[in-house]
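Me: Please take a close look at a single part of this model, the sheet together with the helices that pack on it. I would like one connected account, with each term explained where it comes up.

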Amino acid sequence: MKYELTQEFYFEAAHTLHREIETDSSLRIHGHTYHADVTVGGMPDPVSGMLIDLGHFRAALAGVREQLDHRLLDEVPGLTMPTLEGLCAFIASALQPALPGLVRVTVARRASGDRCTLHL
């Protein structure tokens, strides 16, 4: 058996994108509400009975949220592209040191029905 534990956080951010379609609106600064699901997997510790202490999990997510919330994503250090794919990679990279059991990061823009998942 293997367990998975997921925490969700959201952030509000703006960005621009260079695209071949919907070019004018994408080039203007515009914002979204993003929802990120972060999943760790493995076996619970035999002493604590927990896969990870939720306090540690939430603290790790808070640090990443602080880097993204109410920011212009084009200017976030380490975020190479302000796309859903780029956000998944950025969040995973930022969390891997604190969450060695990280198995999946999903970033969604629910209002427009867009979602991307990175499986690690």
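Reply: What follows goes through the sheet strand by strand, then the helices, and ends with two loop residues.

This is a predicted model, in which local features need pLDDT of at least 70 and side-chain atom pairs count only at pLDDT 80 or more, while totals for chains, interfaces and linings use all residues. Residues are numbered from 1 along each chain as its sequence is written, and side-chain values use heavy atoms, with hydrogens and water left out.

The sheet is open and mixed in its pairing, with five strands in the order E3-E1-E2-E4-E5. Helices (H or I, at least four residues) and strands (E, at least two) are DSSP runs numbered from the N terminus, and two strands pair if DSSP finds at least two bridges between them. Strand E3 (71–72) and strand E5 (114–119) stand at the edges with a single partner strand each, so one side of each is left without a neighbour in the sheet.

Beginning at the E3 edge, E1 and E3 pair in the parallel sense over two bridges, and Ala13 has Arg71 in E3 as its bridge partner. E1 and E2 are paired in the antiparallel sense over 13 bridges, with Glu4 standing opposite Gly41 in E2. E2 is in turn joined to E4 by six bridges, the two strands running antiparallel, and here Ala36 has Val107 in E4 as its bridge partner. At the other edge, strand E4 (residues 102–109) pairs with E5 over six bridges, again in the antiparallel sense, and Val105 stands opposite Leu118 in E5.

Helix H3 (residues 84–95) packs on this sheet, touching E1, E2, E4 and E5, and its direction makes about 145° with that of E4. Contact here means heavy atoms within 4.5 Å, whereas axes are lines fitted to C-alpha atoms, for helices over the stretch in contact, and angles run from 0 to 180 degrees between N-to-C directions. Helix H2 (residues 54–68) lies across strand E1 (3–15), strand E2 (30–42) and E3, running at about 20° to E1.

The two helices also meet each other: the axes of H2 and H3 come within 10 Å and cross at roughly 135°. That makes H2 oblique to H3, because angles under 35 degrees count as roughly parallel, over 145 as roughly antiparallel, 65 to 115 as roughly perpendicular and the rest as oblique. In the contact, Ala60, Leu61, Val64, Gln67 and Leu68 of H2 meet Leu87, Phe90, Ile91, Ala94 and Leu95 of H3. These residues divide into nine nonpolar, one polar and no charged, where Ala, Val, Leu, Ile, Met, Phe, Trp, Tyr, Cys and Pro count as nonpolar, Asp, Glu, Lys and Arg as charged, and the others, Gly among them, as polar.

Two loop residues complete the picture. His70 lies in the loop between H2 and E3, and its phi is near 55°, a positive value in a residue other than glycine. At 63% relative accessibility His70 counts as exposed, a term for residues over 50% relative accessible area, with buried meaning under 20% and partly exposed in between (1.4 Å probe, protein chains only). Arg28, found in the loop between helix H1 (23–27) and E2, also counts as exposed, at 54% relative accessibility. Leaving aside neighbours within four places in sequence, Arg28 is in contact with His15 and Thr16, and the C-alpha atoms of Arg28 and His15, 13 residues apart along the chain, are separated by 8.2 Å.
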